Structures are given as C-alpha cells and as structure tokens.
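This report describes the fold and selected local features of one protein chain. The sequence and the coordinates are shown first, and the description follows.

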Amino acid sequence: MHPKEAIAEIKERIVCAAKEAGRKADDIILLGATKTVDALRIQEAVDAGLLYIGENRVQELCDKYAYVHGAHWHFIGHLQTNKVKYIIDKAELIHAVESSRLLDEIDKQAAKMDRCAEVLLEVNASGEATKFGTGYEEVMPLIAENENRKHVKIKGLMTIGPHVPDENKVREVFSAMYALYEKLGRESFENTRMEYLSMGMSGDFCTAIKEGANIVRIGSAIFGNREWRK
C-alpha cells in the first residue's frame, strides 16, 4: 500500500477511536515510526500529510535529516548519553528518557546550543524485564530533580504496551498510564507540564487512543514490514 493510502486509512481509524472515547481526532498526533525506512519513502509520507516522524536510531536520524523536508522530527528510541549531542539540535521532542544521567546530558548539550530541550519520561508500565523505562515510583523523583535544570522541560510520558493477545491487559496498562498522566497534570512544577502521552503503535493504537493517548507511533501500518539491514 502506498503511504498516502495507509495514512488515510489510519486517520480514519483514529477518528473512529477518538469518537468512541468522546475525544477530538485533531487532538491526537499521528507520528510515523521510520526505523529502516529510507528518506525518499519518508518524504512521500510527509507529502501525503504525515507531519510528524520519529526515529529510533541516532545514526538514521542524522543520515536522513537533511533529505526530508516539512516534518517535525522526534526521537523515539533508547538514547545513550554519548549520542545526545548528535540529535539535540534535530529532535523537537525526545520520547524515551528514563534516568537522571540522561537528563543531565540533555541539559548539558541543550545549554551548548542555547536552547531548551523537550522530553518525555519513558515508563515501563507493563513491568516487563525486556523493556526500557523507569518504574512508576521513580517518575516523581525524576520530575522533582529536574526542577534544578535550566535547559530541559518534561512535557509528558511515554510507554510501550505489552505484547500480549489479551486486549484487556493492554487496556489496563494504558489506563494506568493515563491515570498517572492525569495525576501529574494536577501538580505544579516549573519544568514539567503534562502535555503529551505517547503510547500505542500499529497493533494497539486504537486502544491507546481510547485510554487517553495523544501521540501514537505508527510504523509498519504506514510503511509495511521493516527491511532490516545487515
């Protein structure tokens, strides 16, 4: 399927999921996950109306950045501290921040660029050992200590749903994330504001929307199965 057709179909599904949840589809960001997708195909998707794209790998973001025009770039993968300097001036939002060490490095590199970086805290909401992310109990300490940084703003939360066939279990995880998002949104912080809840991918984004997500990260449903490079 051409990206234009795929994007139109996904937008229709977003409208349906939002309507079922009593929400507005316009409040939900469709972000294309472009790992292994070449710049030309990404540009086709952007030209077809995909305004937000997210890269998982630092090298891929750097390689493609100059060749894709008209898009908002997010970084959505696991980020090592020694790679922050390469994407700090390219990614408008960094989705997967899970430690004070990484926040320190983002703050340091953003200061060099005389800018304020915007990030999401990644929460391992399902508790799976194979997933990155902080635990629920560690979110508030990370927010509290970030009050001392001058170049990092926490803009919300991000998670990956569990890979299980039981939709009710997926829904429970997303529901718990939304409850945390809402709770933190009622608190008052200088450097944190709950604007974004990034959760839901190709297989579960409708469920995520029904449970409160306002960024969904869609890869294979737009671009097809990934072509892994050796």
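Two strands are taken to pair if DSSP finds at least two bridges between them. By that criterion, strand 1 and strand 2 (residues 52–55) are paired in the parallel sense, with three bridges. The model under discussion is a predicted one.

**Overall chain**

The secondary structure consists of nine helices and eight strands. The radius of gyration of the chain is 17 Å, which agrees with the value near 17 Å that a compact globule of 230 residues would have. Along the principal axes, the C-alpha trace extends over about 50 × 40 × 35 Å. Of the 230 residues in the chain, 49% are buried. Among contacts with a separation of 6 or more, 59% are between residues 24 or more positions apart.

**Strand 1 and its partners**

How many residues of strand 1 are buried? Five of the five are, so strand 1 is largely enclosed by the rest of the structure. Ile29, Leu31 and Ala33 point one way from the strand, whereas Leu30 and Gly32 point the other way; all are buried.

Strand 1 is joined to strand 8 (residues 215–218) by four bridges, and these two strands run parallel. Within this pairing, leucine 31 has arginine 217 of strand 8 as its bridge partner. In the pairing with strand 2, alanine 33 stands opposite glycine 54. The connection from strand 1 to strand 2 passes through helix 2, and this β-α-β crossover is right-handed.

Arginine 217 also serves as a reference point for a long separation in sequence: glycine 135 lies 82 residues away from arginine 217 along the chain, and their C-alpha atoms are separated by 21 Å. Glycine 135 is placed in the loop between strand 5 and helix 6 (136–145). With a relative accessibility of 18%, glycine 135 counts as buried because the cut-off is under 20%.

**Strands 6 and 7**

A further parallel pairing is that of strand 6 (residues 152–158) with strand 7 (residues 192–198), over four bridges. Leucine 157 stands opposite leucine 197 of strand 7. Here the chain crosses from strand 6 through helix 7 (residues 167–185) to strand 7, again as a β-α-β crossover that is right-handed.

**Histidine 74**

Histidine 74 belongs to strand 3 (residues 72–75). Is histidine 74 buried or exposed? Its relative accessibility is 5%, so histidine 74 counts as buried. Apart from neighbours within four places in sequence, histidine 74 is in contact with residues that include Leu31, Gly54, Leu61, Ala91 and His95. Leu31 is one of the buried residues of strand 1, and Gly54 is the residue of strand 2 that stands opposite alanine 33.

**Aromatic pairs and a charge over a ring**

The structure holds two aromatic pairs. One of them is formed by tyrosine 65 and tryptophan 73, with 5.6 Å from centre to centre and 50 degrees between the planes, and this pair is tilted. The assignment follows because planes under 30 degrees apart count as stacked, over 60 as edge-to-face and the rest as tilted. The two partners are in unlike surroundings: tyrosine 65 is partly exposed, with a relative accessible area of 31%, while tryptophan 73 counts as buried at 4%. Tyrosine 65 also has lysine 90 over its face, at 5.7 Å from the ring centre.

**Positive phi values outside glycine**

Threonine 36 and aspartate 114 are residues other than glycine, and each has a positive phi. The table sets out the two cases.

| Residue | Phi | Loop | Relative accessibility |
|---|---|---|---|
| Threonine 36 | near 75 degrees | between strand 1 (29–33) and helix 2 (39–47) | 9%, buried |
| Aspartate 114 | near 55 degrees | between helix 5 (100–112) and strand 5 (117–122) | 68%, exposed |

Which of the two classes, buried or exposed, applies to aspartate 114? Aspartate 114 is exposed, because its relative accessible area of 68% is over 50%. Threonine 36, by contrast, counts as buried at 9%. The loop of threonine 36 lies between strand 1 and helix 2, and helix 2 is the helix through which the chain crosses to strand 2.

Note on methods. Residues are numbered from 1 along each chain as its sequence is written. This is a predicted model: local features need pLDDT of at least 70, side-chain atom pairs count only at pLDDT 80 or more; totals for chains, interfaces and linings use all residues. Side-chain values use heavy atoms; hydrogens and water are left out. Buried means under 20% relative accessible area, exposed over 50%, partly exposed in between (1.4 Å probe, protein chains only). Rings of Phe, Tyr and Trp (its six-membered ring) pair if their centres lie within 6.5 Å; planes under 30 degrees apart count as stacked, over 60 as edge-to-face and the rest as tilted. A charge sits over a ring if NZ of Lys or CZ of Arg is within 6 Å of the ring centre and within 35 degrees of the ring normal. Contact means heavy atoms within 4.5 Å. A crossover is right-handed if, with the strands pointing away from the viewer, the path from the first strand over the helix to the second runs clockwise. The radius of gyration is taken over C-alpha atoms; the globule rule is 2.2 Å times the number of residues to the power 0.38.
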